[in-house]
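Here are my notes from going through this one with you in mind. Keep the structure open and click along as you read.

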Amino acid sequence: MDTQVTTKLKIHKPTNEVFEAIVDPLKIGNYWFSSSSERWEEGKSITLRYDEYGAEGKINVLTIEENKKIKFSWGEEANEETVVSLTLKEFDHTSTIIEVNESGINEHDPEAVNKMLGQKEGWVYTLTCLKGYLEHGIRDLRASLVH
C-alpha cells in the first residue's frame with residue numbers, strides 16, 4: 001500500500017513570500033503553529049509549539065532550497081517518523097503552487113489509513129490557513145480545527 005499523502009494548493013502570492021511564511025518564526029504563528037524556535041535552515045532541529053493544545057514537537061530540517069523546496073522529518077517515536085516535502089512552483093509572477101508530500105507512514109500499522117486521512121486533513125487545513133493569511137491577512141484560522 002502506498003502511504004504517501006499529497007496535497008496541492010494555489011496561493012496568489014510569489015514563491016518568495018510563501019517560502020518566508022514557512023521558514024520565518026515570526027510569520028508561522030499567524031497561520032500554523034503558535035511558535036517556531038528559530039528560522040528553518042538545513043540541518044537544524046526546530047521546536048514547534050501549539051500553545052492552544054499544550055503541545056510541542058521537533059522537526060529536523062533535511063533540505064532547504066530557497067523559494068523552491070523545504071524537506072523535514074518529524075514524529076514522536078523513531079518508528080513513527082515521517083518525511084514532509086514542501087515544494088513551491090511559480091505559477092506565474094504573482095502565484096505559487098505549493099505541494100505537500102508526506103511519506104513514511106507505516107503501511108503495516110492497523111491505523112495507517114486513519115493516520116493518512118488525518119494527515120491529509122491536516123495539510124489541507126494548514127494550506128488553507130496559509131492561503132488566508134498570505135492573501136487576506138487572516139490570522140485567526142490557526143488552531144480552529146476541532147476533532
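**Notes on salt bridges and a cavity**

1. Start with Asp 109, which pairs with Lys 115 in a salt bridge whose closest N and O atoms sit 2.5 Å apart. Bear in mind that this is a predicted model. The two side chains are also joined by a polar contact of 2.5 Å.

2. Where does Asp 109 lie? You'll find Asp 109 in the loop between E7 and H3. Is Asp 109 buried or exposed? Its relative accessible area is 19%, and buried means under 20%, so Asp 109 counts as buried. Its partner Lys 115, at 34% relative accessibility, is classed as partly exposed.

3. Now look for a little group: Glu 38, Glu 41 and Lys 44 are joined into one network by salt bridges that share partners. For the whole structure, the count of salt bridges is seven.

4. Next, find Lys 8 and Glu 99, another salt bridge, with 3.6 Å between the closest N and O atoms. Lys 8 belongs to strand E1 (residues 5-11) and Glu 99 to strand E7, so this pair ties together parts 91 residues apart in sequence. Lys 8 has 54% relative accessibility; since exposed means over 50%, Lys 8 counts as exposed.

5. Glu 20 and Arg 39 make a salt bridge too, at 2.7 Å from N to O. Glu 20 lies in helix H1 (residues 15-23), while Arg 39 is in the loop between strand E2 (35-36) and strand E3 (45-50), so the pair links parts that are 19 residues apart in sequence. With a relative accessibility of 30%, Arg 39 counts as partly exposed.

6. Time to look for empty space. How many cavities of 30 Å³ or more does the structure hold? There is one, and the largest cavity has about 50 Å³ of space in it.

7. What lines the largest cavity? Its lining is made up of Ile 22, Tyr 31, Trp 32, Leu 86, Ile 98, Val 100, Trp 123, Thr 126, Leu 127 and Leu 130. Strand E7 (95-103) and helix H3 (112-136) are the elements that give two or more residues to this lining. H3 contributes the most, with four residues.

8. Finally, check what kinds of residue those are. The lining of the largest cavity has nine nonpolar residues, one polar and no charged. Try colouring the residues by type and see if you can pick out this split for yourself.

How values were computed: Residues are numbered from 1 along each chain as its sequence is written. This is a predicted model: local features need pLDDT of at least 70, side-chain atom pairs count only at pLDDT 80 or more; totals for chains, interfaces and linings use all residues. Side-chain values use heavy atoms; hydrogens and water are left out. On a 1 Å grid over the protein atoms alone, a cavity is a set of points where a 1.4 Å probe fits but cannot get out, and a pocket is an open set with protein on both sides within 12 Å along at least five of seven lines; lining residues have an atom within 4 Å of a point. Grid points are joined across faces, edges and corners, and a volume is the space filled by probe spheres set on the points. Ala, Val, Leu, Ile, Met, Phe, Trp, Tyr, Cys and Pro count as nonpolar, Asp, Glu, Lys and Arg as charged, and the others, Gly among them, as polar. A polar contact is a pair of N or O atoms within 3.5 Å; within protein, one must be able to donate a hydrogen and the other to accept it, and residues adjacent in sequence count only if both atoms are side-chain atoms. A salt bridge is a side-chain nitrogen of Lys or Arg within 4 Å of a carboxyl oxygen of Asp or Glu. Buried means under 20% relative accessible area, exposed over 50%, partly exposed in between (1.4 Å probe, protein chains only).
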